[in-house]
Amino acid sequence: MLSQLAILSIGFASVLGCRTGTEVQVNKDWWKTTVFYQIYPRSFKDSNGDGVGDLNGITSKLDHMVDAGIGVFWISPIYPSPMADFGYDTSDFVNIDPEFGTLDDFDNLVAKAKELNLKVILDFVPNHSSDQHEWFQKSIRREDPYTNYYVWRDAKCESGTNICQPPNNWISVFQGSAWEWNDERGQYYLHQFVKGQPDLNYRDESLRKEMENVLTFWLKRGVDGFRINAVPYLIEDAEFKDEPLSNNPNVPQGYYDSLNHIYSMHQPGTYDIIQSWRDLLDKYATEMKSDTKVIMTEGYGPIDFVMNYYTHGSNVPFNFFFITDARSGSTAEELKSIIDNWMNNMPDNYVANWVIGNHDQRRVASRYGTNREDQMSILCLILPGIAVTYNGDEIGMVDTEISWADTVDPAACNTDPEHYEQYTRDPARTPYQWDSTTSAGFSTNPTTWLPVNRNYISLNLAAQKAVRHSHYHVYQAMTALRKLPIFKQGSLSVEVLAGNVLAITRSVTGATPIVVLVNCSESSVSINLKNSIAVLDQMTVYTSSVSSGITPGRIVTTSSVQLPAAATIVLTSPRLYQLVYGA
Ligand code: BGC
């Protein structure tokens, strides 16, 4: 399967970024149409049987990424951390947590990835450190240059009394006041996330220089870029004004969404910080004559705010709108409007990106429905630009139910047994399901840091490889398609057809278009494609959602395409199908 195209793509990859004679060819565009894969390291692969994933585990599974057609992977934090927020509370920005391995293991991972033509991106967590970080301890003691590395403020006291409160009404993303009193320093510090994550102060020049050194440290170790965490929180309003109430009747007082975060998020200075990191990465790439170093920015928010990251140095301002605005019952019109909104707002000559899952959200298959998971991944992979996949979504892993007693995510632990399910991110973070052996092949240890989903006996990568039509094969077929010129240069058309069907067409002059049809309704429909799209009389189902029951390879008459309820199919010319599948 996928034989000829696989050979074509290997040939293509081998001419990129390689050395010819003494000349190094720099590839500036490597990231523009590739698939980015997120690895949640605690749950990807455990190499030493302690029940927690690690770097050597990732190295041992690099072949999976090649097989899946992925070009680059980004790894959630692997730095030393007390794990109050599972690595997003960093106690040393330039080392590896022993739970994950060593710097040597990291170097080995990068070297092996390069051999396989895979790029490596690290999660950079600049908004905050752990309260265990040496810088924070020194900042408490007002030791320079660390004195102002964090956001410290005096208590607000009623004049003439010793009745004092935090500096303002800001609330942490994980609920409760965003301020924590420190007795030794005699001031409050800001923590927009848990109290073990004090916010760093980007109004302090020494801190900014320090964080630049962190980026350079990892660039020198061979990374190809950074996914920058929690960007909208980097800098706060200089006057620390109280935030207005959101007046949302569904949110209890003291919960994050009870305020409108107009002073603690999306402040103008944020963009300058990202631009300064862009400049640093570009300078490094030019000096080292290396391929483009990529910046991905994590920021949920209004579209204008997100688009602004493009013009301030982000290659991939994450497009979370499929996550925030699409749902299991989304109509064709709604999906079209999510796509159009991004394409129409994106500044000219930038590259689109499509994200459907990550470690902070419920699993794709659980959010959109198990009959819609292929639909969403096909959409993500056919639209122009970059597709981002969260590990496990390529095999349709579903949420794992975690009891209150087993809950470890601070976003849930900071609530109560009644509300935790609304906030917990644990269900999407359970171990990767490789096969049907102990702990799904994730670990030799039957006990893992989060329980393995009990469905692993049937839902696993090995089982999906063994059958002809599986979520994994749909995924693989789509990533293979992306290597073709029609994907790389083809134009895009998004239409809503009668019967609540979304049609996505990718075309290039002189070739038969590729057409994706998504039946957004729960009833079967018949479509005459010849009315609207320049298709052949007969086309081949290149791939299709597993639940559609339509086997890839089937020939359809385009004047009357039968689409079962919720089915998604990808139509190509019979010739393209044969080229890829060698049939
Ligand atoms: C990460 C979360 C993390 C938070 C605080 C984010 O946006 O994706 O997993 O809890 O930052 O660091």
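Two strands count as paired if DSSP finds at least two bridges between them. That idea helps in reading this predicted model. The chain is divided into two parts: domain 1 (31–125 + 319–477) and domain 2 (491–581). Their C-alpha centres lie 29 Å apart.

**The sheet**

- Arginine 227 in β11 is the bridge partner of aspartate 123.
- Strand β5 (residues 119–124) and strand β11 (residues 225–228) pair in the parallel sense, over 3 bridges.
- These two strands belong to an open sheet of 8 strands, ordered β13-β12-β11-β5-β4-β3-β15-β14.
- The pairing in this sheet is parallel.
- Which strands stand at the edges? They are β13 (316–317) and β14 (353–355).
- Each edge strand has a single partner strand, so one side of each is left without a neighbour in the sheet.

**Where the two domains meet**

- The contact between domain 1 and domain 2 takes 24 residues from domain 1 and 29 residues from domain 2.
- Between them, the two domains bury about 2,200 Å². Of this area, 66% is on carbon and sulfur atoms.
- In domain 1, the residues that lose the most area to domain 2 are Arg372, Ile382 and His469. Together they make up 27% of what that side buries.

**Polar links across the contact**

- How many salt bridges are counted between domain 1 and domain 2? The count is 1.
- Arginine 372 forms a salt bridge with glutamate 522. The closest N and O atoms of this pair are 3.0 Å apart.
- Between the domains, 11 residue pairs are in polar contact, with both residues at pLDDT 80 or more.

**What domain 1 brings to the contact**

- Three elements give two or more residues to the side of domain 1 that touches domain 2: α10 (332–345), α12 (373–382) and α16 (471–481).
- The largest share of that side comes from α10, with 7 residues.
- By type, the residues of that side divide into 11 nonpolar, 7 polar and 6 charged.

**Backbone points to look up**

- Most residues other than glycine have a negative phi, and most peptide bonds are trans.
- A cis peptide bond joins aspartate 144 and proline 145, with omega at about 5°.
- Proline 145 is found in the loop between α5 (134–140) and β6 (152–153).
- Asparagine 247 has a positive phi, near 55°.
- The place to find asparagine 247 is the loop between β11 and α7 (269–288).

Technical notes: Residues are numbered from 1 along each chain as its sequence is written. This is a predicted model: local features need pLDDT of at least 70, side-chain atom pairs count only at pLDDT 80 or more; totals for chains, interfaces and linings use all residues. Side-chain values use heavy atoms; hydrogens and water are left out. Domain bounds come from an automatic or database domain assignment. Contact means heavy atoms within 4.5 Å. Buried area is the accessible area (1.4 Å probe) that two parts lose on being put together, summed over both. A salt bridge is a side-chain nitrogen of Lys or Arg within 4 Å of a carboxyl oxygen of Asp or Glu. A polar contact is a pair of N or O atoms within 3.5 Å; within protein, one must be able to donate a hydrogen and the other to accept it, and residues adjacent in sequence count only if both atoms are side-chain atoms. Helices (H or I, at least four residues) and strands (E, at least two) are DSSP runs, numbered from the N terminus. Ala, Val, Leu, Ile, Met, Phe, Trp, Tyr, Cys and Pro count as nonpolar, Asp, Glu, Lys and Arg as charged, and the others, Gly among them, as polar.
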